[in-house]
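Here are some notes for a colleague who is meeting this structure for the first time. Please read them with the sequence and the model side by side.

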Amino acid sequence: MRAARAHAAWRSAPGIEAEDIEAVAEFALRHRRHDRPAEQPPRPDAQPQGQSSPSSEPQGSGQWGELPGQPVAVGARREVPRWPKALSIRPRSHPAADARPRAGKLDRGPRGRARAAGQGSVAWPATLLKGRPRQRDELCWAQRTAAPTQLWLVIVDASASTRRYQALSKAKGLLAELFDQAYRARARLALLTASGREPRWQRHGLKASAALQPWLAELGAGGGTPLLEALQQARQWLTQRQRRYPNEVQHCLILTDGRLKAWPALEALPCSSLLVDMESAPVRLGRARQMALELGAQYQHLEQFNLR
């Protein structure tokens, strides 16, 4: 019944019908049968062999859109060096090298007093709301502004091709170090995976936390390569977020092996981007480099990041 319920949900049907039970009976009861069942007659609505409707074409490259992702192990962690104007990640030479200052112990504000009286610019709206100032002590001074919030958008190609030669496993080792640095930098993360028939959002601009490690451990490879759809969704989401948070600093990291048959002309993303090529096969196609060139993104291969 659970298999029939899943088949009915896959058809977007309101309930379980006879055709759902017939579709899963052979797979669910095969181990209980001693004789081979007769072949089922073709359904009237079934299309002839060799023909397929345009709406049934799987998205992505190949015919692997129906396959679920298979979990892969997290590879060895890799050092994340300074990426010029990409993700603004500094090498961690000291345990507190890239930590933010703690909250100040003075009054007025979560970070302490902005500056001593008589320094900085005068906040005239707040000053005039209290009346006409007659002495210097009656002036209100502008508080210190916090550093702009950083947003890191990570697009992970988790198609079936990334399972070969442990490509995704090695990339997960890089992501593990990246998530730790995002947590220390108080950055916000948005995760978008491209696998199966369509890309899926895993996180929408939330602060990095330790909850990312279990998700990273369960991340698997399988299915098609809807990377083009993921790039289109990321472009639209970043544009909308820029209108909502104009002071936010956005960066994008794309991990892919570039195993696409062909793609139309790509439009650059509206932020600084870095494409990491994780193709690990002995014979490499090098399509990820061409993709980075069209996206206007920096290019680096995964092997350029040293193991820790």
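1. Before turning to charged pairs, it helps to fix the term: a salt bridge is a side-chain nitrogen of Lys or Arg within 4 Å of a carboxyl oxygen of Asp or Glu. Please also keep in mind throughout that this is a predicted model.

2. On the overall make-up, the protein has 308 residues, of which 37% count as buried, and its chain forms 7 helices and 8 strands. The exposed surface comes to about 19700 Å², with carbon and sulfur atoms supplying 51% of that area. Among contacts between residues at least 6 apart in sequence, 69% join residues that are at least 24 apart.

3. How many salt bridges does the count come to? The count comes to 6 salt bridges, and a good place to begin is the pair formed by the side chains of Glu 19 and Arg 11, where N and O are 3.3 Å apart. Arg 11 also forms a salt bridge with Asp 20, and here the closest N and O atoms are 2.7 Å apart. Taken with Glu 17, these residues belong to a network of salt bridges that links Arg 11, Glu 17, Glu 19 and Asp 20.

4. The members of this network are worth checking for their exposure to the surface. Arg 11 is partly exposed because its relative accessibility is 28%, and Glu 19 is likewise partly exposed, with a relative accessible area of 29%. Asp 20, by contrast, counts as buried, since its relative accessible area is 0%.

5. A further salt bridge joins the side chains of Glu 279 and Arg 259, at 3.0 Å from N to O. This pair links distant parts of the chain, 20 residues apart, with Glu 279 in the loop between strand 7 (272-277) and helix 7 (287-295), and Arg 259 in the loop between strand 6 (249-256) and strand 7. Glu 279 counts as buried because its relative accessibility is 3%, whereas Arg 259, at 24%, is partly exposed.

6. Which charged residue is buried yet has no salt bridge? That description fits Lys 172, for which the nearest side chain of opposite charge, Glu 218, is 9.2 Å away. Lys 172 is found in helix 4, which runs over residues 167-184. Leaving aside residues up to four places away in sequence, Lys 172 touches Val 72, Ala 73 and Val 74, as well as Leu 216, Ala 217 and Leu 219.

7. Turning to the cysteines, a search of the whole structure finds 0 disulfides. Why does Cys 271 not bond to the closest cysteine sulfur? The closest cysteine sulfur to that of Cys 271 is in Cys 252, and because the two sulfurs are 5.2 Å apart, they are too far from each other for a bond; the cut-off for a disulfide is a pair of cysteine sulfur atoms within 2.5 Å. Cys 271 counts as buried, since its relative accessibility is 15%, and Cys 140 counts as buried as well, at 17%.

8. A last point concerns the surface, where Met 1, Ile 16 and Ile 21 make a nonpolar patch of about 300 Å². Met 1 lies in the segment before helix 1 (2-10), and Met 1 counts as exposed because its relative accessibility is 65%.

Key. Residues numbered from 1 in each chain as written. Predicted model: local features only at pLDDT ≥ 70, side-chain atom pairs only at ≥ 80, totals over all residues. Heavy atoms only, no water. Buried < 20%, exposed > 50% of the residue type's maximum accessible area, 1.4 Å probe, protein only. Patch = residues over 30% accessible without salt bridge, like charges linked within 9 Å, V, L, I, M, F, W, Y side chains within 5 Å. Areas by Shrake-Rupley, 256 points an atom, 1.4 Å probe, with all protein chains shown as cover. Helix = DSSP H or I, 4+ residues; strand = E, 2+ residues; numbered from the N terminus. Lys, Arg positive; Asp, Glu negative; His and termini not counted. Contact = heavy atoms within 4.5 Å.
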